[in-house]
Amino acid sequence: MRIKILRQQTPFSKPYWEAFAYNGTKDISVAGLLDHLNYHDDIMNDAGEPTTRIGWECSCLQGVCGGCAMVINDMPALACETFLRDLEGTEIELRPLRKFPVIHDLIVDRSSIQENLKRTDIYIGEYQPKKGEDSRRQYDVAKCLKCGLCLEVCPNYTCGETFFGAVFANDCYLVAARNRTKAKDIHRAYAAHFGNACSKSFACMDVCPADIPTIASMSRLNR
Ligand code: FES
């Protein structure tokens, strides 16, 4: 198999494609594949030239931390949850998420996701669960990995602009449900940074690794 990776040594250097050969099992995740390619001291590309270790991020290796989000064969996905046996063809193409600044190879800077929450003062604070609260739905939304896959496919999201995407809409729902004292401010921020600009493609829900029902968060907030 040929593995093509879009590499970039520093945030300011020029991206370039580099290919690697892989002849092992297909019962391995893309995360396992990257580990395998990086394992040796003398790393070679498929032209037999020495090269540097491939930069990528991971923590949990079980679809929980969101660190390994990248674009695999043109589809945004988690590397640890995507297996070679499920990918078509004899070539695999890996590139970093396109909606965030690249730090190194497949590692991107997703700090804007947290910065947007800080900018709009969206936080839960002291939380006392109330009887009859919709805790099941809140739990579903709280599973968000902040991986950025929903932003990658969103036709309206551009990093650094005022539309903050599905990840923000879900946080607004969760915080509004748990912090009633901030509800008015949250609804204002939701309208300004999501509600008034979402074109409802709902591609975000197709790629969400936690299956978060963003449409349900939207309908709750709109109501
Ligand atoms: S390594 Fe944590 S989600 Fe893939």
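## A two-domain chain, starting from R110

R110 counts as buried, with 23 C-beta neighbours inside 10 Å. Here "buried" means that 20 or more other C-beta atoms lie within 10 Å of a residue's own, "exposed" means 12 or fewer, and "partly exposed" is in between, with the C-beta atoms placed from the backbone. This is a predicted model, so a word on the ground rules: local features need pLDDT of at least 70, side-chain atom pairs count only at pLDDT 80 or more, and totals for chains, interfaces and linings use all residues. Residues are numbered from 1 along each chain as its sequence is written.

Back to R110. R110 sits in the loop between β7 (107-108) and α2. Helices (H or I, at least four residues) and strands (E, at least two) are DSSP runs, numbered from the N terminus. Setting aside neighbours within four places in sequence, R110 is in contact with F100 and G148. A contact needs the C-beta atoms of two residues, placed from the backbone, to lie within 7 Å. As for N156, R110 is 46 residues from it in sequence, and 17 Å away in space, C-alpha to C-alpha.

### The chain as a whole

The chain has eight helices and seven strands. Its C-alpha trace spans about 60 × 35 × 30 Å along the principal axes. Of the 223 residues in the chain, 37% are buried. Take the contacts between residues at least 6 apart in sequence: 65% of these join residues at least 24 apart.

The domain assignment splits the chain into domain 1 (2-108) and domain 2 (111-222), with bounds of this kind coming from an automatic or database domain assignment. Taken over C-alpha atoms, the centres of domain 1 and domain 2 are separated by 29 Å. Each side puts residues into the contact: twelve from domain 1 and twelve from domain 2. On the domain 1 side, the residues touching domain 2 divide into seven nonpolar, two polar and three charged. For that split, Ala, Val, Leu, Ile, Met, Phe, Trp, Tyr, Cys and Pro count as nonpolar, Asp, Glu, Lys and Arg as charged, and the others, Gly among them, as polar.

### The five-strand sheet and α1

An open sheet of five strands runs in the order β2-β1-β5-β3-β4, with mixed pairing. The edges are β2 and β4 (75-78), each with a single partner strand, so one side of each is left without a neighbour in the sheet. From one strand to the next, the twist averages 30 degrees; axes are lines fitted to C-alpha atoms, for helices over the stretch in contact, and angles run from 0 to 180 degrees between N-to-C directions.

Strands pair here if DSSP finds at least two bridges between them. β3 and β5 run antiparallel and are joined by two bridges, and I72 has L94 in β5 as its bridge partner. β3 and β4 also run antiparallel, with four bridges joining them; V71 stands opposite P76 in β4.

Helix α1 (residues 30-38) has V30, A31, L33, L34 and L37 as its buried residues. They cover an arc of only 160 degrees around the axis, which puts them on the same side of α1. The arc is that of the directions from the helix axis to the C-beta atoms. These buried residues of α1 pack against β1 (2-7), β2 (16-21), β3 (69-72) and β5 (91-95).

### Helix α2

In helix α2 (residues 111-119), the buried residues are S112, I113 and N116. Looking down the axis of α2, its buried residues fall within an arc of 110 degrees, so they line one face of the helix. That buried set packs against α5 (166-178). On the other side of α2, S111, Q114, E115 and K118 are exposed.

### Positive phi values

Most residues other than glycine have a negative phi. Here are some exceptions from this chain:

| Residue | Location | Phi |
|---|---|---|
| N73 | turn of the β3-β4 hairpin | about 50 degrees |
| D121 | just after α2 | about 65 degrees |
| D74 | loop between β3 and β4 | near 70 degrees |
| D211 | loop between α7 (203-207) and α8 (214-222) | near 50 degrees |

The hairpin formed by β3 and β4 has two residues between the strands. D74 is exposed, with 7 other C-beta atoms within 10 Å. D211 is exposed too, with 8 other C-beta atoms within 10 Å.
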